[in-house]
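Me: Please take one part of this model and look at it closely, working outward from the pairing of its strands to whatever surrounds them.

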Amino acid sequence: MNARLLDGKALALQIRRHQRIEVDALVSAGRRRPGLAVVLVGENPASEIYVRHKRDACREVGIETTAYELPADTHSEELDYLIERLNAQDNIDGILVQLPLPAHLNAADLLEKIDPAKDVDGFHPYN
């Protein structure tokens, strides 16, 4: 068996181009553009960069993104309510809650509240 060197950047570009074609085909067929909700709690520079890259990638392939940037002192009840609303929204196909969350929030409890069909990261126990 021969080793094969992959060009990750080129492969990623190829995948994004294919995804753009798929999304454009959906829209051309009269379907709505897919939607992603991104939830970021607090100010973590690494998380902010990661979220920005995810939003840029979505924009590149034609996926609508909605960002929810919440202060670090956000209460769990507020996040629960937001997740409940996002689960119910037909224009939101995926939900990404950026980790880590501030210490006073229980990530496992919050992630379990995401509809498994909308769990982008696959952290819900069903996934």
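Reply: Strands E1 and E3 run parallel and are joined by 4 bridges, where strands are DSSP runs of E with at least two residues, helices are runs of H or I with at least four, and both are numbered from the N terminus; two strands pair if DSSP finds at least two bridges between them. The model is a predicted one, in which local features need pLDDT of at least 70 and side-chain atom pairs count only at pLDDT 80 or more, while totals for chains, interfaces and linings use all residues. Residues are numbered from 1 along each chain as its sequence is written, and side-chain values use heavy atoms, with hydrogens and water left out.

Within this pairing, Ala37 has Ile95 of E3 as its bridge partner. E3 is covered on both faces, with Gly94 and Leu96 buried on one side and Ile95 and Val97 buried on the other; buried means under 20% relative accessible area, exposed means over 50%, and partly exposed lies in between, with a 1.4 Å probe and protein chains only. In a regular strand the side chains alternate between the two faces of the sheet.

Ile95 and Val97 are, together with Val39 and Leu86, the residues with the most contacts inside the largest nonpolar core, which has 16 residues; such a core is a set of buried Ala, Val, Leu, Ile, Met, Phe, Trp, Tyr and Cys residues joined through side-chain atoms within 4.5 Å. At least two residues of this core come from each of strand E1 (35-41), helix H3 (76-88), E3 and H4, and H3 gives the most, with 4 residues. Leaving aside neighbours within four places in sequence, Val97 is in contact (heavy atoms within 4.5 Å) with Val39, Ile83, Leu110, Leu111, Ile114 and Asp121. Apart from the largest core lies another, of 6 residues, among them Leu36, Leu40, Val51 and Leu96.

Gly35, which also belongs to strand E1, is buried, with a relative accessible area of 6%. Its contacts, again leaving aside neighbours within four places in sequence, are with Ile63, Glu64, Asn91, Ile92, Asp93 and Gly94. The C-alpha atoms of Gly35 and Asn87 are separated by 12 Å, although the two residues are 52 apart along the chain.

Beyond strand E3 (94-97), the loop that leads to helix H4 (107-113) holds Pro100, and the peptide bond from Leu99 to Pro100 is cis, with omega near 5°.

Around these strands, the whole structure has 6 salt bridges, each defined as a side-chain nitrogen of Lys or Arg within 4 Å of a carboxyl oxygen of Asp or Glu. In one of them the side chains of Arg16 and Glu60 meet at 2.9 Å, N to O; because Arg16 lies in helix H1 and Glu60 in helix H2 (residues 45-61), this pair ties together parts that are 44 residues apart in sequence. Arg16 is partly exposed at 28% relative accessibility, and Glu60 is partly exposed at 39%.

For the chain as a whole, the secondary structure comes to 4 helices and 3 strands, and from the N terminus the elements run α-β-α-β-α-β-α. Of its 127 residues, 29% are buried, and among contacts between residues at least 6 apart in sequence, 71% join residues at least 24 apart.
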